[in-house]
Amino acid sequence: MYEPTGHGRDKVVNDVDFAEAAPPADLQAVVHRALRVQTRAPLATDYRFHALPDACAYVVLNQRDPAIAGVTRLRASSEELNLGRDFHFVNMRLLPGVWQGPRLSYGQVEAPYDGDLPLLALNRSIAGHSFDTALPALWDFARNLVGQGLLKPNPVTQAIFARIVDIHSVADMAAVAGLSTRQLQRVLKSTAGFTPHDFLKVLRLQQSLRGTPSLSYADQSHFIHAFRRATGYTPGQYARKFNV
């Protein structure tokens, strides 16, 4: 199973709480984690959150403003997001390629939600509740998406994740998925939103963050260069600045 590493959390900020929870067994083919990030008290300065590419889609719920919600995905390179000084987000991280609903936006959600999904009702229903208390509503929402065909397990990405250590090129990825490179291009772009090259780049970055860069890069200098291109930091700089 694909286990994307969490995002970069600034080490100098102590008044921010993070929590996450694994989904129940019936959702594990489509949902990776539910997450919460929340300030304990208003911060002295704006909080910069380093969002690492993971190819996942996110259901994002702003608990400070129940009108702001959405389903979103990051690009293939990192983004530093300014969350402000007082915030409370609840997210549900969906596995790559499982979203079958309306086309996803990129980046974080900032504008009020005006789509057809009942995201605002979900946001209001969990407002003021603890993270643990909110989880059943999140899981039920995911089940409803599955029932409507908006979330489906993706056999192509599942095959790739099952043999991720054997993949060192787009050709390897296509062979593992049992597709031609052209078919892989079409399937990944339509379901995961990434070209095979960018999808492979994201998977390599995630492997490196789990301490296994040698599985993905030809040598240490190549790894450092690729890591910096994807995150804006060398591995050493990143380790000094962020908890992951």
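**Exercise 1. Work out how strands S2 and S3 pair, and over how many bridges.**

Solution. Start with the ranges: S2 covers residues 16–21 and S3 covers residues 31–39. Strands here are DSSP runs of E, at least two residues long, and helices are runs of H or I of at least four, both numbered from the N terminus. Two strands count as paired if DSSP finds at least two bridges between them. S2 and S3 run antiparallel, with six bridges. To pin down the register, take Asp17: its bridge partner in S3 is Gln38.

Some housekeeping: this is a predicted model, where local features need pLDDT of at least 70, side-chain atom pairs count only at pLDDT 80 or more, and totals for chains, interfaces and linings use all residues. Residues are numbered from 1 along each chain as its sequence is written, and side-chain values use heavy atoms, with hydrogens and water left out.

**Exercise 2. Find how S3 pairs with S8, and say how many residues of S3 are buried.**

Solution. S8 spans residues 88–94, and its pairing with S3 is antiparallel over seven bridges. Within that pairing, Leu35 sits opposite Asn91. Now for burial: buried means under 20% relative accessible area, exposed over 50%, and partly exposed in between (1.4 Å probe, protein chains only). By that cut-off, eight of the nine residues in S3 are buried.

**Exercise 3. Characterise the lining of the largest cavity.**

Solution. First, the definition: on a 1 Å grid over the protein atoms alone, a cavity is a set of points where a 1.4 Å probe fits but cannot get out, and lining residues have an atom within 4 Å of a point. Points are joined across faces, edges and corners, and the volume is the space filled by probe spheres set on them.

- A search of the whole structure turns up one cavity of 30 Å³ or more.
- The largest cavity has a volume of about 260 Å³.
- Its lining has 22 residues, and His7, Val37, Phe49, Tyr58 and Asn91 lie nearest the centre.
- S8 gives the largest share of that lining, four residues.
- By type, the lining splits into twelve nonpolar (Ala, Val, Leu, Ile, Met, Phe, Trp, Tyr, Cys, Pro), four charged (Asp, Glu, Lys, Arg) and six polar (the others, Gly among them).

**Exercise 4. Place Gly193 and decide whether this residue is buried or exposed.**

Solution. Look in the loop between helix H5 (181–191) and helix H6 (196–209). Gly193 has a relative accessible area of 11%, so this residue is buried. Last step, distance: Arg73 is 120 residues away in sequence, yet the C-alpha to C-alpha separation is 8.7 Å.

Note on methods: On a 1 Å grid over the protein atoms alone, a cavity is a set of points where a 1.4 Å probe fits but cannot get out, and a pocket is an open set with protein on both sides within 12 Å along at least five of seven lines; lining residues have an atom within 4 Å of a point.
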